[in-house]
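This note is addressed to a colleague who has not yet seen the structure. The points are numbered for ease of reference.

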Amino acid sequence: MISATDLKNGTTFLHYGKPYQVIKYTLIKMGRGGAIVKVNVRNLESGSIKEITYSSNNSVDEANTFKKKLQYLYKDSMNAIFMDPGSFEQIEIPLKVLGDDINYCKDGESVDILFWDQKALSVVLSPKVNFKVVETDPGIKGNTASNIYKPAVLENGLTVKVPLFIKVNDEVRVDTRTGNYVERVK
């Protein structure tokens, strides 16, 4: 059991039998009454976000989650296929569970998958990943005075806005939380 006051950011717990992860924790202390804990949480099965309020003396069940390193192989129309490098067992995870996070996985790359009771919940991504630019318009000479961005298609199929000096075959770093260009990789 986890006390409601211990529901800090990143903590996973069960609420009505469903696994949730805390995004934001707030403790509100009343004058004469008890404290109230408000948490913004993400449902780890569906990805939806909601706010839950607890009294400070309540407690919740702990969700037994664990991470497992798997190798990303490919995706089809319904599933993403990963391989356990130890047993060579292939694991299929529905794309609706992974959401847009699957776009930041490269073929053959090792990624951490978050599991809850043998059920895959999400891909644990690093905050920034590198991709090669496969298609973009050439920069126009003389437009370097201001921050002008142009669209670029990356090797994973995503389109991001990049500065004018980026060319085809350049490698760029992308923020996985926002999907925005960060910098050119040297």
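1. Lys68 is a suitable place to begin: its relative accessibility is 30%, so it counts as partly exposed. The model under discussion is a predicted one. A salt bridge connects Lys68 to Asp84, with the closest N and O atoms 3.2 Å apart. The two residues belong to distant parts of the chain, since Lys68 sits in strand 7 and Asp84 in the loop between strand 8 and strand 9, 16 residues apart. Asp84, in turn, counts as buried because its relative accessibility is 12%, the limit for that class being under 20%.

2. A salt bridge is also formed by Lys69 and Asp112, whose closest N and O atoms are 3.4 Å apart. Lys69 is part of strand 7 and Asp112 part of strand 10, so this pair ties together parts that lie 43 residues apart in sequence. Both partners fall in the intermediate class of accessibility: Lys69 counts as partly exposed at 47% relative accessibility, and Asp112 is partly exposed with a relative accessible area of 24%. In general, side chains of opposite charge can pair when their charged atoms come close.

3. The strands just named belong to an open sheet of 5 strands, in which the order is 9-8-7-10-11 and the pairing is antiparallel. Which strands stand at the edges? They are strand 9 (90–94) and strand 11 (119–124); each has a single partner strand, so one side of each is left without a neighbour in the sheet. From one strand to the next, the twist averages 45°.

4. Strand 7 has two partners to consider. Strand 7 (residues 65–75) and strand 8 (residues 79–83) run antiparallel and are joined by 4 bridges; Lys75 has Ala80 of strand 8 as its bridge partner. Strand 7 is also joined to strand 10 in antiparallel fashion, by 7 bridges. Here Thr65 has Trp116 of strand 10 as its bridge partner.

5. Is strand 10 largely enclosed or left open by the rest of the structure? Of the 7 residues of strand 10 (residues 110–116), 5 are buried, so this strand is largely enclosed by the rest of the structure. Asp112 of strand 10, as noted above, is partly exposed, with a relative accessible area of 24%. In a regular strand the side chains alternate between the two faces of the sheet.

6. Strand 10 pairs with strand 11 in the antiparallel sense over 5 bridges. Asp112, the salt-bridge partner of Lys69, has Val124 of strand 11 as its bridge partner. Strands 10 and 11 form a hairpin with 2 residues between them. In the turn of this hairpin, Asp117 has a positive phi of about 50°.

7. The largest pocket holds about 700 Å³ of space. It is lined by 25 residues, of which Arg42, Asp101, Ser122, Val123 and Leu125 are the closest to its centre. Strand 4 (36–43), helix 1 (95–98) and strand 11 are the elements that give two or more residues to this lining. Strand 11 contributes the most, with 4 residues. By residue class, the lining of the largest pocket divides into 10 nonpolar, 8 polar and 7 charged residues.

8. A further open sheet consists of 5 strands in the order 14-13-12-15-16, with antiparallel pairing. Its edge strands are strand 14 (159–163) and strand 16 (181–185), each of which pairs on one side only. Neighbouring strands of this sheet are turned by 50° against each other on average, direction ignored. Within this sheet, strand 12 (residues 128–136) and strand 13 (residues 149–154) run antiparallel and are joined by 3 bridges. Val133 has Leu154 of strand 13 as its bridge partner.

9. How many salt bridges does the structure hold? There are 4, and one of them brings together the side chains of Arg184 and Asp170, at 3.7 Å from N to O. Arg184 lies in strand 16, whereas Asp170 lies in the loop between strand 14 and strand 15 (171–175), so the pair ties together parts that are 14 residues apart in sequence. Arg184 is partly exposed, with a relative accessible area of 32%, while Asp170 counts as buried at 14% relative accessibility.

Technical notes
Residues numbered from 1 in each chain as written. Predicted model: local features only at pLDDT ≥ 70, side-chain atom pairs only at ≥ 80, totals over all residues. Heavy atoms only, no water. Pairing = 2+ DSSP bridges. Axes fitted to C-alpha atoms, helices over the stretch in contact; angles between N-to-C directions. Buried < 20%, exposed > 50% of the residue type's maximum accessible area, 1.4 Å probe, protein only. 1 Å grid on protein atoms, 1.4 Å probe; cavity = no way out; pocket = protein on both sides within 12 Å on 5 of 7 lines; lining within 4 Å. Points joined across faces, edges and corners; volume = space filled by probe spheres on them. Nonpolar A, V, L, I, M, F, W, Y, C, P; charged D, E, K, R; others polar.
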